[in-house]
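Colleague: I am new to reading protein models and would love some company. Could we go through one together, feature by feature?

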Amino acid sequence: MSHTLLVTSSPRGGDSLSTRFATEIAEGIQARAGGPLIVRDLAANPPPHIAPAYIQGRITSPGDRTSEQVEAVKVAQELVDELKVADVIVLGSGMINFGLPSQLKAWFDHVTWPGVTFGYGDTGPKGLLAGKKVYLVTATGGVFSEGAWAPFDFQTNYLLHLLGFIGLTDVEVVRVEGTVFGPDAAKAAIANTETAIKALLAKAA
Ligand SMILES: Cc1cc2nc3c(=O)[nH]c(=O)nc-3n(C[C@H](O)[C@H](O)[C@H](O)COP(=O)(O)O)c2cc1C
């Protein structure tokens, strides 16, 4: 049995390709491994931007927190607890202005928590979430895996860095890209991703 956590973040609702394919992977993994599937839809329920109540609250001992700090830290604690219990994490992210959706950034701002998901050792920062498998689905209108636009992929590289920083280093990336170049290109991009997911799920079985 395995705990699967699906985190989706696209603001495009039912049109979202990252949500569609991340959901397909999470459901496929769960069908094979069994166990619960927790869905965290960050577009439907975006975490707030972090604010002083959270910044101060998380370094204040629980008994000394104001009620506002208690509420702010509770949001982060819930998101971190979902991560900690998960064996497999499937993350969907659709590129917005060359980066990740702000809803997903707000999620990272809550789960990147010193002393909880990362610490500082003798050799620098150390991620504390170990032994988890991550599938990262990134959707982009342009093509960023290669070619002239590759240096401007501030989504996938940044997400890999953020995940690694909290200890999530076993990451398989699935891209759906090049969907803005007309219906035929979009169809081909989607077909490529479907093929990649079939292979990925066959391997995961
Ligand atoms: C507000 C907005 C900004 C976007 N910015 C970019 C961008 O900077 N580069 C790009 O290649 N595609 C961009 N796109 C296209 C999306 O990345 C593309 O539609 C992708 O499929 C979005 O992910 P989703 O399908 O999961 O929603 C943008 C789309 C929207 C709605």
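What follows is a conversation about the ligand site, the salt bridges and a few single residues.

Modeller: Happy to help! Please keep in mind that this is a predicted model, where local features need pLDDT of at least 70, side-chain atom pairs count only at pLDDT 80 or more, and totals for chains, interfaces and linings use all residues. Residues are numbered from 1 along each chain as its sequence is written, and side-chain values use heavy atoms, with hydrogens and water left out.

Colleague: Let me start with the ligand. Which residues come nearest to the ligand?

Modeller: A residue is near a molecule if one of its heavy atoms lies within 4 Å of it. Here 15 residues surround the ligand, and Ser10, Ser16, Leu17, Ser18 and Met95 come nearest. The shell is made up of 6 nonpolar, 8 polar and 1 charged residues. In this sorting, Ala, Val, Leu, Ile, Met, Phe, Trp, Tyr, Cys and Pro are nonpolar, Asp, Glu, Lys and Arg are charged, and the others, Gly among them, are polar.

Colleague: Which polar side-chain atom lies 2.7 Å from an oxygen atom of the ligand?

Modeller: First the idea: a polar contact is a pair of N or O atoms within 3.5 Å; within protein, one must be able to donate a hydrogen and the other to accept it, and residues adjacent in sequence count only if both atoms are side-chain atoms. The 2.7 Å case belongs to Arg12, through its side chain. The backbone takes part too: a backbone N or O atom of Asn97 is 2.9 Å from a ligand nitrogen atom, and a polar backbone atom of Gly142 is 2.8 Å from a ligand oxygen atom.

Colleague: How much of the ligand's accessible area does the protein cover?

Modeller: On its own the ligand has 630 Å² of accessible area, and the protein covers 75% of that. Such areas come from the Shrake-Rupley method with a 1.4 Å probe; for residues, only the protein chains shown count as cover. Helix H1 (17-33) and strand S6 (133-140) are the elements that give two or more residues to the shell. Helices (H or I, at least four residues) and strands (E, at least two) are DSSP runs, numbered from the N terminus.

Colleague: Now salt bridges. How many does a search of the whole structure find?

Modeller: A salt bridge is a side-chain nitrogen of Lys or Arg within 4 Å of a carboxyl oxygen of Asp or Glu. The search finds 9. In one of them, Glu78 meets Arg40 at 3.1 Å, N to O. Glu78 lies in helix H3 (residues 67-85) and Arg40 in strand S2 (residues 37-41), so this pair ties together parts 38 residues apart in sequence.

Colleague: Are these partners buried or exposed, and how do I tell?

Modeller: Buried means under 20% relative accessible area, exposed over 50%, and partly exposed in between (1.4 Å probe, protein chains only). Glu78 is partly exposed because its relative accessibility is 46%, while Arg40 is buried because its value is 15%. Arg40 also forms a salt bridge with Glu82 (2.8 Å, N to O). Glu82 is in helix H3 and Arg40 in strand S2, so this pair ties together parts 42 residues apart in sequence. Glu82 counts as buried, at 15%.

Colleague: Which side chain does Arg175 meet in a salt bridge?

Modeller: Its partner is Asp153, at 3.0 Å, N to O. This pair links distant parts of the chain, 22 residues apart: Arg175 sits in strand S7 (residues 170-177) and Asp153 in the loop between S6 and helix H5 (156-165). Arg175 is partly exposed, at 26%, whereas Asp153 is buried, at 2%. Elsewhere, salt bridges that share partners join Lys133, Asp170, Glu172 and Lys203 into one network.

Colleague: What about phi? What sign does phi have at Asn97?

Modeller: Most residues other than glycine have a negative phi, and most peptide bonds are trans. Asn97 has a positive phi of about 50 degrees although it is not a glycine. Phe98, also not a glycine, has a positive phi of about 70 degrees. Asn97 is in the loop between S3 and H4 and is exposed, at 73%. Phe98 is found in the loop between strand S3 (88-94) and helix H4 (102-111), and is partly exposed, at 36%.
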